[in-house]
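User: I would like a close look at the charged side-chain pairs in this model. Please set them in the context of the rest of the fold.

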Amino acid sequence: MKLVLYIKLDDDMSLVITVNEPIYRGDNLSQKITYLIPTVVGEIDMLTASVFLSYVRADGVADVVVLDRSETPYNESYFQYTFPINCKLSKYPGEVCTWIQIYSGTPSNPVIAKTGECMLQVQESKNMDDYLCDHQMTALYQLTHTMNTAIEDMNNTIENAIENKADNIIFNPEDSTIQLSANGVPVGDKIVVNTNTGAVVTNAGISSDNELILTFSDGTVKNLGSVMGKDGAVYVPHISERKVLTFTIEDKPGEIPEPVDLNPNDEWSEIEGDEVVSDYIWEPM
């Protein structure tokens with residue numbers, strides 16, 4: 001908030017403008033007036049006093065407001081009291097007559113000090129008054145604020161999506177599972193990886209070409225193809241009950257890779273008698 005006016009209370013109770021910048025019609029909370037009042041006024045200790053600003057606008061309407069004392073004194077001799085300029089005071093161009101009343105003591109027998117009058121000048125904002133009225137400008141501000149809020153929400157959504165996009169693969173040798181991760185946090189489904197030869201995955205990673213590379217305990221290496229599209233789309237792996245590995249796309253573009261069958265020969269044993277015999281290796285999910 002810009003300091004527009006400094007008004008000092010002299011020993012003779014007159015209000016003197018020491019720093020003066022223009023006030024324009026329609027100004028609201030963007031500027032303020034700072035009153036410099038001695039720590040003691042007459043017999044009144046200002047630490048225990050209440051300060052009221054009275055004013056009469058150019059159209060004859062009067063009002064009274066309470067002035068708040070700043071926690072930080074102006075100096076050893078003066079306190080600071082501030083008044084934000086609002087649209088009620090600046091509603092009409094012309095002279096605004098102001099004065100201060102200071103109250104102390106008990107409500108039934110108060111000690112009162114009153115200052116002289118100080119004239120403020122509200123200038124007409126000539127450039128816009130003939131084209132846009134106040135309520136139109138307010139509507140424009142509200143629309144702009146709504147748009148800015150929507151843009152901020154959209155940016156937050158995009159940032160959140162980027163933060164949660166998979167950027168690596170975690171392999172757990174204890175249960176032979178792989179899982180995508182984003183910034184070190186697991187995302188998507190955990191997948192148990194095994195083969196019909198009994199070999200288990202001992203390592204998993206993404207190559208410089210964004211391809212998923214699996215290394216098995218028997219020394220074989222299998223390239224499962226690209227798991228990250230050109231535009232940053234990530235392919236999330238899923239596995240069916242029949243051990244068929246498929247991918248879905250998070251975000252957009254790119255073609256979905258062909259499903260990978262981890263039991264390509266579909267080696268199921270015939271049923272002999274009442275006992276079911278299978279050389280397929282089953283892993284708990």
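Analyst: D59 is partly exposed, with a relative accessible area of 34%. Its salt-bridge partner is R57, and the closest N and O atoms of the two are 2.7 Å apart. R57 sits at 9% relative accessibility, so R57 counts as buried. The cut-off for buried is under 20%. This bridge therefore joins a buried arginine to a partly exposed aspartate.

The model is predicted. By the salt-bridge rule, the count comes to 3. Side chains of opposite charge can pair when their charged atoms come close.

K88 and D63 form another of these bridges, with 3.2 Å between the closest N and O atoms. This pair links distant parts of the chain, 25 residues apart. K88 lies in the loop between β10 (78-84) and β11 (94-106). D63 belongs to strand β8 (residues 62-66). K88 has 42% relative accessibility, so K88 is partly exposed.

D10 and K8 also meet through their side chains, at 2.4 Å from N to O. D10 is partly exposed at 22% relative accessible area. K8 is partly exposed too, at 24%.

Next, the loop that follows β1. M13 is found between β1 and β2 (15-20). M13 is not a glycine, yet its phi is positive, at about 70°. At 19% relative accessibility, M13 counts as buried, because the cut-off is under 20%.

Now the rings. The structure holds 2 aromatic pairs. Y6 and Y74 make a tilted one, 6.2 Å centre to centre with 55° between the planes. Y6 is in strand β1 (residues 2-9), and Y74 is in the loop between β9 (68-69) and β10. The two tyrosines are 68 residues apart, so this contact links distant parts of the chain. Y6 counts as buried at 18% relative accessibility. Y74 is partly exposed, with a relative accessible area of 43%.

F52 and Y103 also pair. Their ring centres are 5.6 Å apart and their planes stand at 90°, so the pair is edge-to-face. This contact also links distant parts of the chain: F52 in strand β7 (residues 50-56) and Y103 in strand β11, 51 residues apart. F52 is partly exposed at 24% relative accessible area. Y103 is partly exposed at 30%.

Strand β11 thus comes up in two contexts. It holds Y103 of the edge-to-face pair, and it bounds the loop that carries K88.

Further along is strand β14 (residues 168-172). Its covered face is made of I169 and F171. The uncovered face has N168, I170 and N172. In a regular strand the side chains alternate between the two faces of the sheet. β14 pairs with strand β15 (residues 177-182) in the antiparallel sense, over 5 bridges. Within that pairing, I170 stands opposite Q179 of β15.

There is also a nonpolar patch on the surface. I151, M154 and I158 make it, and it covers about 280 Å². I158 is placed in helix α2 (residues 134-163). At 44% relative accessibility, I158 is partly exposed.

One more loop site is S207. S207 lies between β17 (201-206) and β18 (211-216). It is partly exposed at 23% relative accessibility. S207 and N223 are 16 residues apart in sequence, and their C-alpha atoms are 9.5 Å apart in space.

Last, confidence. The protein averages a pLDDT of 75, and 65% of the residues score at least 70. Among the elements, helix α1 (residues 126-129) has the lowest mean pLDDT, 54. Strand β5 (residues 40-41) has the highest, 94. Where pLDDT is low, the predicted coordinates should not be read in detail.

Back to the charged pairs. R57 with D59 has its closest N and O atoms 2.7 Å apart. D10 with K8 comes to 2.4 Å. K88 with D63 stands at 3.2 Å, and this pair links distant parts of the chain.

Terms used. Residues numbered from 1 in each chain as written. Predicted model: local features only at pLDDT ≥ 70, side-chain atom pairs only at ≥ 80, totals over all residues. Heavy atoms only, no water. Patch = residues over 30% accessible without salt bridge, like charges linked within 9 Å, V, L, I, M, F, W, Y side chains within 5 Å. Areas by Shrake-Rupley, 256 points an atom, 1.4 Å probe, with all protein chains shown as cover. Salt bridge = Lys/Arg side-chain N within 4 Å of Asp/Glu carboxyl O. Helix = DSSP H or I, 4+ residues; strand = E, 2+ residues; numbered from the N terminus. Buried < 20%, exposed > 50% of the residue type's maximum accessible area, 1.4 Å probe, protein only. Pairing = 2+ DSSP bridges. pLDDT = per-residue confidence, 0-100. Phe/Tyr/Trp six-rings, centres within 6.5 Å; stacked < 30°, edge-to-face > 60°.
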